[in-house]
Amino acid sequence: AIPEFVDEHCGVVVPPEDWQAMADALLHLYHHPEIFEKLSKAAAERVRAQSCHTRMIARELALAGMRN
């Protein structure tokens, strides 16, 4: 996962290129759907808060020097 978008509160983070850790994490989520649901809800909230269109427009305007 990309750390700017996912952390341990809203997804599964494993070391890069560690296929075994990813497989283990997926199996864990499969066997614990309540954890999957909790992470999924947290991920949706994070995306809305971090990447909503009003926030992105404000950031882009700031980068372009068009915002006070």
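**Helix packing, salt bridges and a nonpolar surface patch**

At a relative accessibility of 62%, Lys38 counts as exposed. In this predicted model, Lys38 has its place in helix α2. Between the C-alpha atoms of Lys38 and Cys10 the distance in space is 7.7 Å, although the two residues are 28 residues apart in sequence.

Helix α2, which spans residues 33-51, packs against helix α1, residues 19-31. The axes of α1 and α2 are 5 Å apart and enclose an angle of about 105°. The two helices are therefore roughly perpendicular to each other, since angles of 65 to 115 degrees are assigned to that class. On the α1 side, the contact involves His28, Leu29, Tyr30 and His31. These residues meet Pro33, Ile35, Phe36 and Leu39 of α2.

Two salt bridges are present in the structure. In one of them, the side chains of Arg46 and Asp7 meet with an N to O distance of 2.8 Å. Arg46 lies in helix α2, whereas Asp7 belongs to the segment before α1; the pair therefore ties together parts that are 39 residues apart in sequence. Both partners of this salt bridge are partly exposed: the relative accessible area is 21% for Arg46 and 22% for Asp7. These values fall in the partly exposed class because buried residues are defined as those under 20%.

The other salt bridge is formed by Glu37 and Lys41, whose closest N and O atoms are 3.2 Å apart. This distance satisfies the criterion for a salt bridge because the limit is set at 4 Å. Glu37 and Lys41 are four residues apart in helix α2, so that about one helical turn separates them. Glu37 counts as partly exposed, with a relative accessibility of 42%. In general, side chains of opposite charge can pair when their charged atoms come close.

A nonpolar patch is also found on the surface, where Ile57, Leu61 and Met66 together make an area of about 300 Å². Of these residues, Leu61 is located in helix α3, which comprises residues 53-63. The relative accessibility of Leu61 is 34%, and this residue accordingly counts as partly exposed. Leu61 meets the accessibility condition for patch residues because that condition requires over 30% relative accessible area.

Note on methods
Residues are numbered from 1 along each chain as its sequence is written. This is a predicted model: local features need pLDDT of at least 70, side-chain atom pairs count only at pLDDT 80 or more; totals for chains, interfaces and linings use all residues. Side-chain values use heavy atoms; hydrogens and water are left out. Buried means under 20% relative accessible area, exposed over 50%, partly exposed in between (1.4 Å probe, protein chains only). Patches are made of residues with over 30% relative accessible area and no salt bridge: like charges are joined within 9 Å, nonpolar side chains (Val, Leu, Ile, Met, Phe, Trp, Tyr) within 5 Å. Accessible areas come from the Shrake-Rupley method with a 1.4 Å probe; for residues, only the protein chains shown count as cover. Axes are lines fitted to C-alpha atoms, for helices over the stretch in contact, and angles run from 0 to 180 degrees between N-to-C directions. Angles under 35 degrees count as roughly parallel, over 145 as roughly antiparallel, 65 to 115 as roughly perpendicular and the rest as oblique. Contact means heavy atoms within 4.5 Å.
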